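Okay, thanks everyone, let's get going. I've got one structure to walk you through today, and I'd like to spend most of the time on its pockets and its surface.

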Amino acid sequence: MSETLKRVLIILSASILFGFYPPAARGAYADGANSVFIILLTTFIRGLSMAGLCLTSKQRLFANKKDAAIALRSGFIQALSIVGILWSLVYLPGPVTIILLFTSTVMLLFFMWFKGEVEVNTWLFVTTAACLVGLTFVVDLWHTKTSNEVIGYALAMLGAGATASRLYIFGKLTKSKPPMVVGAETFLCAFLFLLFLPLYQAPILPHSMAGWGWAILCAGTSGLGSVAMFYGIAKVGPFYFSLYNKMEPVFAAIFSALLIGEILKTEQYVGMAIVIASLVTYQVWDHRRKYLADL
């Protein structure tokens, strides 16, 4: 298997696994669970799953004070991104928050371009913009009532900025440390910070086994998705992982239709086609460019 195919499969696996989160979470919410419970559960399982892999492979966690301090900072930023997104949903419709969150890719693009870590060309810029436009159709943004709550937009952008920051930090850390160590340390620390969430709202558990099933599906796929995410970031870097992970909302829409019976609109299928076509076209162009450069 070529390295290019390995990278594609790792990122695609992360997108598919994270795609289960929205419909599974909605299934748990319909059974009485609330977002604080789901966030605490999924964050804990994400940290625990990667910590388990570290223990089985005898990779030490929090090896020294410096590693612990770095983990606390990255964990805080991870927690900040979650809280920003969570609170923005109090004021904004879900599709608006999702689109604002995915502007983190644009933030990463310009930041890494400014630092000379990413070479920007027309194809890359067009692909990034096309994916974002496609996602507006996938999440049905154009038929969603907007909000005048400025604080909601501020919180969503806080979440997007924190997301861009944490991805960049993950990219730097995975250059010198095993991806699973970075992931486990980050999410275990993030869970500690998120334990303050019950001060805002008490976690509410599902009422039945069906709700618990949805919650376990949500947490389990998030844990496996996180494993793929950190390996993906280590393979291709934070920006390109963020770009190709635009498939996540596409899979989320598909799983919403398959698992909870959501009826997708024609515009959503058009958005999926735009996202997929943009990423495939860029991948083909980039592969050809590298091939010609090696001749």
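Before the pockets, one bit of vocabulary: when I say helix, I mean a DSSP run of H or I that is at least four residues long, and the helices are numbered from the N terminus. Also, keep in mind that this is a predicted model.

So, pockets. Let me start with the second largest one, which comes out at a volume of about 660 Å³. There are 24 residues lining that pocket, and the ones closest to its centre are Val8, Tyr244, Tyr282, Gln283 and Asp286. Which helix gives the largest share of that lining? That's H13, with 11 residues. H13 covers 266-294, and the other elements that put two or more residues into the lining are helix H1 (3-19), helix H10 (209-236) and helix H11 (238-244). If you sort the lining by class, you get 12 nonpolar, 5 polar and 7 charged residues.

Now the largest pocket. Here the volume is about 1400 Å³. Its lining has 44 residues, and closest to the centre you'll find Tyr21, Pro22, Ile98, Leu101 and Glu248. In this case H4 gives the largest share of the lining, with 6 residues. The class split is 22 nonpolar, 16 polar and 6 charged.

H4 shows up again when we move to the outside. There's a nonpolar surface patch of about 460 Å², made by Trp87, Val90, Tyr91, Ile151 and Tyr200. Helix H4, residues 65-91, gives the most to that patch, with 3 residues. Val90, for one, lies in H4.

Last stop, the backbone, and the loop that leads into H4. Lys58 is found there, between helix H3 (35-56) and H4. Lys58 isn't a glycine, yet its phi is positive, about 60°. Is that side chain's residue buried or exposed? Lys58 is exposed, at 79% relative accessible area. Phe62 lies in the loop between H3 and H4 too, and Phe62 also has a positive phi without being a glycine, about 50° this time. Phe62 counts as partly exposed, because its relative accessibility is 30% and that class runs from 20% to 50%.

So, to recap: H13 gives the largest share of the second largest pocket's lining, and H4 does that for the largest pocket and gives the most to the nonpolar patch. That's all from me, happy to take questions.

Conventions. Residues are numbered from 1 along each chain as its sequence is written. This is a predicted model: local features need pLDDT of at least 70, side-chain atom pairs count only at pLDDT 80 or more; totals for chains, interfaces and linings use all residues. Side-chain values use heavy atoms; hydrogens and water are left out. Patches are made of residues with over 30% relative accessible area and no salt bridge: like charges are joined within 9 Å, nonpolar side chains (Val, Leu, Ile, Met, Phe, Trp, Tyr) within 5 Å. Accessible areas come from the Shrake-Rupley method with a 1.4 Å probe; for residues, only the protein chains shown count as cover. A salt bridge is a side-chain nitrogen of Lys or Arg within 4 Å of a carboxyl oxygen of Asp or Glu. Buried means under 20% relative accessible area, exposed over 50%, partly exposed in between (1.4 Å probe, protein chains only). On a 1 Å grid over the protein atoms alone, a cavity is a set of points where a 1.4 Å probe fits but cannot get out, and a pocket is an open set with protein on both sides within 12 Å along at least five of seven lines; lining residues have an atom within 4 Å of a point. Grid points are joined across faces, edges and corners, and a volume is the space filled by probe spheres set on the points. Ala, Val, Leu, Ile, Met, Phe, Trp, Tyr, Cys and Pro count as nonpolar, Asp, Glu, Lys and Arg as charged, and the others, Gly among them, as polar.
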